[in-house]
Amino acid sequence: MAGTSKTKPAPDGFDADVIIAGAGMAGATLALALKHGGLRPLLIDPVVFDAQLEESFDGRSAAISFASFRQWRTLGLAANLEPHAQRIEQILVTDGRRPGASVGPASPFHLRFDSAEIADRSGGEPLGYLLENRRTRAALAAEVIAQDIPVLAPARVAHVDLKDDAAEVRLEDGRVLRAPLVVGAEGRASVIRQAAGIGVTAWDYGQMGVVATVRLEQPHQGVAHEYFLPGGPFAILPLTENRASLVWTETTAHAKALKAARPEIFHAHLMRRFGDFLGDVRVEGQVFIYPLSLQLADRLTAPRAVLLGDAAHGVHPIAGQGLNLGLKDVAALAQVLAEAARIGEDIGSELVLQRYSAWRQFDNVMLAASFDLFVRVFSNDNPLLRLARGVGMSVVNSIGPARRFFMHEAGGATGDLPRLLRGEVP
Ligand SMILES: Cc1cc2nc3c(=O)[nH]c(=O)nc-3n(C[C@H](O)[C@H](O)[C@H](O)COP(=O)(O)OP(=O)(O)OC[C@H]3O[C@@H](n4cnc5c(N)ncnc54)[C@H](O)[C@@H]3O)c2cc1C
């Protein structure tokens with residue numbers, strides 16, 4: 001998709017049933033889910049799909065829970081995603097005091113999660129899948145086009161007037177579009193959130209995520225590693241073709257220095273952290289850095305407007321759950337709106353939007369608070385805290401039901417699951 005699709009106002013005078021500001025991974029997934037639910041979505045984004053797919057646009061990979069992956073399969077993405085999805089069979093979490101993932105004796109303080117332990121309830125699913133964001137973006141773009149969903153791009157939402165009977169969305173180029181509902185899926189700087197007067201609770205961690213893709217000499221065998229080093233977590237996440245995505249948390253100053261370092265200097269720093277347990281490690285492509293902060297919207301809805309994805313909650317990547325939270329929002333919102341439309345309710349009414357908010361707000365706040373606590377406990381070199389977290393990890397590791405609880409939570413298949421996360425259309 002290189003440019004702008006045309007929209008034609010329907011006889012009801014609306015340009016769409018739902019205008020979605022932001023065609024990122026959450027917004028594009030919502031558009032597909034709404035289309036499957038019998039509604040007419042319209043996507044708006046300043047960045048055309050072709051540019052979102054460039055290698056320099058997004059160097060991250062995401063750990064996707066098996067429930068989130070099931071949603072994408074249901075929405076028709078399987079053929080494009082499966083060749084690039086790496087099964088995560090095990091997760092090893094280690095409190096690595098010293099830099100060097102394999103330096104010194106193995107820490108007694110570790111946690112091991114294994115997909116075989118929950119195979120009876122997960123139907124043989126892995127703990128999750130690792131997917132490069134650009135592959136996911138490509139699959140979503142292809143399906144949005146195949147489903148003939150209108151996309152206005154490049155176009156930027158500048159403001160929204162939330163009227164009694166409609167959301168009037170104003171674009172930067174002066175165009176005005178109307179719909180019974182507008183969704184803010186435009187990430188942390190959400191214009192819809194600001195225009196709706198929804199405040200945020202936010203703080204910066206003073207850290208950045210350094211992200212690189214590497215090719216490994218030894219087979220990774222589908223094992224994801226997370227080491228808690230004094231500067232912050234260091235994750236080695238397995239990718240297809242025996243590659244791995246590294247997410248290396250550092251203070252902002254260190255991260256910027258690493259990004260600016262010559263390749264051989266970066267490689268030397270990397271090997272000090274990584275160790276040699278997977279043989280030689282070669283960086284492929286660019287090194288990316290991302291600022292890390294927490295940002296939680298005070299509310300998920302306003303009259304004729306809702307928020308989802310990072311526009312509603314931006315979290316630290318420590319648990320690899322940011323996008324998964326957004327995809328749960330998508331599944332819940334699509335189901336609420338499809339059901340409301342089926343029985344003739346006004347999909348932008350407060351009564352309908354409240355059902356979405358009741359479904360998602362508690363989960364979002366609880367998980368964002370838990371990830372924040374993890375960051376504080378695990379990015380800290382205080383000896384007492386180190387001992388306490390080490391003992392905590394050993395205890396959880398020795399209790400089978402506790403381990404299985406965490407695995408089911410990470411798989412995203414707990415609680416009141418929307419239909420899409422169970423593999424059914426909304
Ligand atoms: C280092 C790192 C590692 C991560 N790893 C994981 C992981 O392993 N697992 C996981 O689940 N999550 C992970 N995340 C989180 C995940 O990347 C985000 O949660 C996800 O990208 C958010 O998607 P989104 O579609 O909500 O927002 P965004 O990706 O921010 O997309 C917003 C879209 O809105 C568009 N936009 C912006 N302004 C406007 C406007 N005014 N009008 C219209 N459109 C607009 C943008 O162009 C963009 O396309 C990680 C994050 C980081 C930083």
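This report covers the fold, the main sheet and the ligand surroundings of a predicted model.

## Overall make-up

The chain holds 13 helices and 20 strands. It has 426 residues, of which 48% are buried. Contacts reach far along the sequence. Among contacts with a separation of 6 or more, 76% join residues 24 or more positions apart.

## The eight-stranded sheet

Eight strands build an open sheet with mixed pairing. Their order is β6-β5-β14-β15-β16-β13-β17-β20. The edges are β6, residues 110-114, and β20, residues 313-314. Each of these edge strands pairs on one side only.

In a regular strand, side chains alternate between the two faces of the sheet.

## Pairing within the sheet

Both senses of pairing can be followed here. Strand β5 spans residues 90-94 and strand β14 spans residues 223-229. These two run parallel and share five bridges. One residue to look at is Val93, whose bridge partner in β14 is Glu226.

β13 and β17 run antiparallel, joined by 14 bridges. Val210 has Ile289 of β17 as its bridge partner. On the way to the edge, β17 also pairs with β20, again antiparallel, through two bridges. There, Leu296 stands opposite His313 of β20.

## Helices across the sheet

Two helices lie across strands of this sheet. Helix α9, residues 263-274, crosses β15 (232-239), β16 (243-251) and β17 (281-297). Its direction makes an angle of about 70° with β17.

Helix α11 covers residues 350-378. It lies across β13 (200-216), β14, β15, β17 and β20. Relative to β17, helix α11 runs at about 120°.

## Around the ligand

Which residues come nearest to the ligand? They are Gly22, Gly24, Gly187, Gly309 and Gly322, out of 33 residues around the ligand. By class, the shell divides into 17 nonpolar, 11 polar and five charged residues.

Several elements contribute. α1 (25-36), β3 (61-64), β13 and α10 (322-342) each supply at least two residues of the shell. The most come from α10, which gives four. Gly322, one of the nearest residues, is also where α10 begins. β13 has two roles: it supplies shell residues, and it pairs with β17 in the sheet.

Technical notes. Residues are numbered from 1 along each chain as its sequence is written. This is a predicted model: local features need pLDDT of at least 70, side-chain atom pairs count only at pLDDT 80 or more; totals for chains, interfaces and linings use all residues. A residue is buried if 20 or more other C-beta atoms lie within 10 Å of its own, exposed if 12 or fewer, and partly exposed in between; C-beta atoms are placed from the backbone. Two residues are in contact if their C-beta atoms, placed from the backbone, lie within 7 Å. Two strands pair if DSSP finds at least two bridges between them. Axes are lines fitted to C-alpha atoms, for helices over the stretch in contact, and angles run from 0 to 180 degrees between N-to-C directions. A residue is near a molecule or strand if its C-beta atom, placed from the backbone, lies within 6 Å of it. Ala, Val, Leu, Ile, Met, Phe, Trp, Tyr, Cys and Pro count as nonpolar, Asp, Glu, Lys and Arg as charged, and the others, Gly among them, as polar.
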